[in-house]
Amino acid sequence: MKLVKLGSQGLVVPSLGLGCMGMTGMAHMDIYGKADEAEAIATIHRSLELGGNFLDTADLYGPLINEQLIAKATKGRRDNYLLATKFGWEIDDNDQITWKFRADKAYVKKAAERSLHNLGTDYIDLYYLHRLDPKTPVEETVEAMSELVKEGKVRYIGLSEVSAETIRRAHAIHPITAVQTEYSLFERSAEEAGILQTLEELGIGFVAYSPLGRGFISGELKSPDDLAQDDFRRSIPRFQGEQFYKNLELLAEIQTIANEKQVTSSQLALAWVIAKGVVPIPGTKRRKYLEENIAATEIRLGADDLARLEAVIPLGTETGDRYDQAGMQAIDR
Ligand SMILES: NC(=O)c1ccc[n+]([C@@H]2O[C@H](COP(=O)([O-])OP(=O)(O)OC[C@H]3O[C@@H](n4cnc5c(N)ncnc54)[C@H](OP(=O)(O)O)[C@@H]3O)[C@@H](O)[C@H]2O)c1
């Protein structure tokens, strides 16, 4: 796979990473259906064979067991992988998610030690603040993360779902290497909020999470009822009622373009993200999808292709909220 610079501090990553969240449940809930540990580990191994060594996890996923799964999969070959993890949703001393935000200095240090332990490593390649803690100035959080870099426990620092103003404040304390935000053909609020421009100006990389719209863009879901009762997506307005079917109509147009190009709609959506200069981290727990997604890195889209795709879902198109109310409130805008 082609390698790309992420940010300006020297981190080089493959042009597409692997999102590992769906490989475990979270807080007693399945995220995208049941996971099979052996297939998840095989997917991580296959990804490395294909040059996809950039893995994305978080202490929140599980909680903690997702990082432990990655430790198991990367054991003996840790240095061949680039491990990105996140902190910021408080996990208490009983390993339970409290659903409060914690990013004060003491917590940052504690969370980092726990992630190092669970990942079975003595360094984290890219450590993200998962969500802003409204009680803690971002300067304090980034200062603590900067100390982790000085101690050699973290190589590069990232932020997730933050505003342009927060990015500037954080970057003034320690160079930020990457910002991770939801971004796909169906979710372009980062572009609308000027985040992409700010990142370009500051030389910060952009990592797109949920680049397949949490699987919607693959076209496999035909109705909200296709989701299992405990599937996380049932809580998301974008997957509910009339909005789901409106989005399905837009997807049909994307699929027409994909058919013409003899690629899948997932591949076309990933190629679009890459063409925008962004690193997508599509999530999958199976080798079949992984191989399909990595093949998308070979697709070259011209300006006319991008214009055609963006005309289907222009900026500002209403596609429905991407989180429930509490989830939307956690986003720094
Ligand atoms: N920073 C944050 O707040 C945040 C939030 C969400 C996610 N993330 C990270 O971003 C990663 C990616 O996002 P995501 O997993 O939420 O969403 P996504 O990548 O948009 O979609 C994942 C879903 O798409 C399915 N899928 C993947 N490739 C496919 C293909 N080629 N054909 C058909 N279906 C396919 C997966 O199925 P299977 O699971 O069955 O393989 C899963 O249901 C996560 O794993 C996580 O690491 C970060």
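1. Arg-214 is buried, with a relative accessible area of 7%. In this predicted model, the residue sits in the loop between strand S11 (205-209) and helix H8 (241-261). Its phi is positive, about 55°, although Arg-214 is not a glycine. Most residues other than glycine have a negative phi. A check of the backbone here is a matter of one angle: phi at about 55° for Arg-214.

2. Asp-95 also has a positive phi, about 60°, and is not a glycine either. Its loop runs between strand S6 (89-91) and strand S7 (97-101). Is Asp-95 buried or partly exposed? Asp-95 counts as partly exposed because its relative accessibility is 39%, and the partly exposed class runs between 20% and 50%. Arg-214, at 7%, falls in the buried class.

3. One peptide bond needs a note. Gly-62 and Pro-63 are joined in the cis form, with omega about 5°. Most peptide bonds are trans. Pro-63 belongs to the loop between strand S4 (54-56) and helix H2 (65-74).

4. Now the ligand. Which residues come nearest to the ligand? They are Tyr-32, Asp-56, Gly-283, Thr-284 and Arg-286, out of 32 residues around it. By class, the shell holds 11 nonpolar, 12 polar and nine charged residues. Helix H10 (residues 287-295) gives the largest share of that shell, with three residues.

5. Three side chains place an N or O atom by a ligand nitrogen. For Asn-293, the distance from a side-chain N or O atom to a nitrogen atom of the ligand is 2.9 Å. For Glu-292, a polar side-chain atom lies 3.3 Å from a ligand nitrogen. For Tyr-61, the separation between a side-chain N or O atom and a nitrogen atom of the ligand is 3.4 Å. How much of the ligand's accessible area does the protein cover? The protein covers 96% of the 910 Å² that the ligand has on its own.

6. Next, the sheet. It is open, with eight strands in the order S3-S4-S5-S8-S9-S10-S11-S12, and the pairing is parallel. The edges are strand S3 (18-19) and strand S12 (279-280), each of which pairs on one side only. In a regular strand the side chains alternate between the two faces of the sheet.

7. Strand S5 (residues 82-87) and strand S8 (residues 124-129) run parallel and are joined by four bridges. Within this pairing, Lys-86 has Tyr-128 of S8 as its bridge partner. Phe-87 is another residue of strand S5. Phe-87 counts as buried because its relative accessibility is 0%, and the cut-off for that class is under 20%. Across the model, Phe-87 and Gln-267 lie 30 Å apart, C-alpha to C-alpha, with their positions 180 residues apart in sequence.

8. S8 and S9 come next. They pair in the parallel sense over five bridges, and Ile-124 stands opposite Val-154 in S9. Between these strands the chain passes through helix H4 (residues 138-150), in a right-handed β-α-β crossover from S8 to S9. How many residues of strand S9 (residues 154-160) are buried? Six of its seven residues are buried, so the strand is mostly covered.

9. S9 pairs on with strand S10 (residues 178-182), again parallel, over three bridges. Ser-160 has Gln-180 in S10 as its bridge partner. The connection from S9 to S10 goes through helix H5 (residues 164-171), and this β-α-β crossover is right-handed.

10. A last point concerns Glu-191. This residue is in helix H6 (residues 189-192). Its relative accessible area is 19%, which means Glu-191 is buried, given the cut-off of under 20%. What does the side chain of Glu-191 contact? A polar contact of 2.7 Å links it to the side chain of Tyr-183.

Notes. Residues are numbered from 1 along each chain as its sequence is written. This is a predicted model: local features need pLDDT of at least 70, side-chain atom pairs count only at pLDDT 80 or more; totals for chains, interfaces and linings use all residues. Side-chain values use heavy atoms; hydrogens and water are left out. A residue is near a molecule or strand if one of its heavy atoms lies within 4 Å of it. A polar contact is a pair of N or O atoms within 3.5 Å; within protein, one must be able to donate a hydrogen and the other to accept it, and residues adjacent in sequence count only if both atoms are side-chain atoms. Accessible areas come from the Shrake-Rupley method with a 1.4 Å probe; for residues, only the protein chains shown count as cover. Helices (H or I, at least four residues) and strands (E, at least two) are DSSP runs, numbered from the N terminus. Ala, Val, Leu, Ile, Met, Phe, Trp, Tyr, Cys and Pro count as nonpolar, Asp, Glu, Lys and Arg as charged, and the others, Gly among them, as polar. Two strands pair if DSSP finds at least two bridges between them. Buried means under 20% relative accessible area, exposed over 50%, partly exposed in between (1.4 Å probe, protein chains only). A crossover is right-handed if, with the strands pointing away from the viewer, the path from the first strand over the helix to the second runs clockwise.
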